[in-house]
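Subject: The structure to look at

Hi,

Here is the structure I said I would pass on. Have a look at it first, then read on.

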Amino acid sequence: TEIETVYEEKNRAMDNAERILGEEVERRLYKVHPYGQQPTLGSIEHLKNPSLAKMYAFQERWYVPNNMAIVLAGDFDREKALELIRRRFASWTPKPLPALPGWALPRPQAAERYEVKYEAEEKVVLAWPTVANSHPDADALVVLDMLMDNSAAGLLNLRLNQAQKVKASGSYTDLNNDAGGWYLWALPKQGQTPEEAEALLLETLNSLKNGDFDAGDLASVITAFEISEKYRLESNEERAAVMASSFIAFEPWEKTVERLERLRRVTKEDVARAAKRDLGAD
């Protein structure tokens, strides 16, 4: 009964230049991994012949109590909530879980360039494979990203956006259980080619790799992050999201709540090391 709705979602996605570009970037970054090869909405071919039997089998395999968390946040009576959970979920039967598959993650051997043609304004995106969210350098990459783009005083914000060298630019990191990536992007301004915008992005990145920032910059981005986190965690929905994300990442809760403290310990040397290792020309 939902197939037409999902088709319409797919049609809308195919009319969205950002989504088309984003899926193409992921497809090239993760050439053999579902992160790149199996987008959430799937392909038109997937939607033409959906198998109810496969859907039921998938649900039977993964939607079991030993593979789930129930997350509660807010002002509730603990005992009443636990009793309600027992009443609704105690009858669920645990089942042995299949081993999670392993995936090859080949890295580029040289810079790879692709062009996506679509009726939209030009945009350049640079993507590097980095590390999984459990890697010891994950925190350094998060701080690196904030130094480049924190919406106000990052290197991209000051040197490219405020200086009006491009129409807009930014960066973001996406660290998942198996692997991660770091992304730079820019919208060329009028009369500027994507290649010229790319050169400005790489010039700014090289400044960071050469240590063109100091301990004060590190401290200020961590302070800004701390303020935004405190505002965010005033929301029940956001508190629940943090707990759910910790569970999905197989991350001990003790490690999750120590994140701010870990970010404070990231040094200039940590950032430079991660940048030089992961963000090279290849």
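Below is what turned up in it, part by part.

Before anything else: this is a predicted model, so please keep that in mind as you read.

**The hairpin**

Start with strand 2 (residues 168-175) and strand 3 (residues 180-187), which run antiparallel and are joined by eight bridges. The two strands make a hairpin, and four residues sit between them. If you want one pair to find on screen, go for Ser169, which stands opposite Ala186 in strand 3.

**Ala197**

Next, go to helix 9 (residues 194-209), where you'll find Ala197. Is Ala197 buried or exposed? It counts as buried, because its relative accessibility is 0% and the cut-off for buried is under 20%. Setting aside neighbours within four places in sequence, Ala197 is in contact with Val124, Val166, Ala186, Pro188 and Gln192. So the Ala186 that faces Ser169 in the hairpin also turns up among the contacts of Ala197. You can check a distance here too: the C-alpha atoms of Ala197 and Trp185 are 8.8 Å apart, with the two residues 12 apart along the chain.

**The cores**

In soluble globular proteins, nonpolar side chains tend to be buried together. In this model, the largest nonpolar core has 37 residues, and those with the most contacts inside it are Val143, Leu144, Met148, Leu184, Leu208 and Val271. Several elements supply at least two residues each, including strand 1 (124-129), helix 8 (155-161), strand 3, helix 9 and helix 10 (215-232). Which helix gives the most to this core? That's helix 7, with nine residues.

Met148 is a good residue to click on. Leaving out residues up to four places away in sequence, Met148 touches Gly154, Leu155, Leu156, Asn157, Ser171, Trp182, Leu184, Thr204, Leu205 and Leu208. Apart from the largest core lies another one, of five residues, with Val25, Leu29, Tyr30 and Ala179 among them.

**A pocket**

Last stop: the second largest pocket, with a volume of about 1,400 Å³. It is lined by 44 residues, and Glu112, Tyr114, Val124, Val125 and Leu126 are the closest to its centre. Val124 is one you have already met, as a contact of Ala197. Helix 2 (17-29), strand 1, helix 9 and helix 14 each give two or more residues to the lining, and helix 2 gives the most, with eight. What is the lining made of? It divides into 24 nonpolar, two polar and 18 charged residues.

Happy exploring!

Methods:
Residues numbered from 1 in each chain as written. Predicted model: local features only at pLDDT ≥ 70, side-chain atom pairs only at ≥ 80, totals over all residues. Heavy atoms only, no water. Pairing = 2+ DSSP bridges. Buried < 20%, exposed > 50% of the residue type's maximum accessible area, 1.4 Å probe, protein only. Contact = heavy atoms within 4.5 Å. Core = buried A, V, L, I, M, F, W, Y, C linked by side-chain atoms within 4.5 Å. 1 Å grid on protein atoms, 1.4 Å probe; cavity = no way out; pocket = protein on both sides within 12 Å on 5 of 7 lines; lining within 4 Å. Points joined across faces, edges and corners; volume = space filled by probe spheres on them. Nonpolar A, V, L, I, M, F, W, Y, C, P; charged D, E, K, R; others polar.
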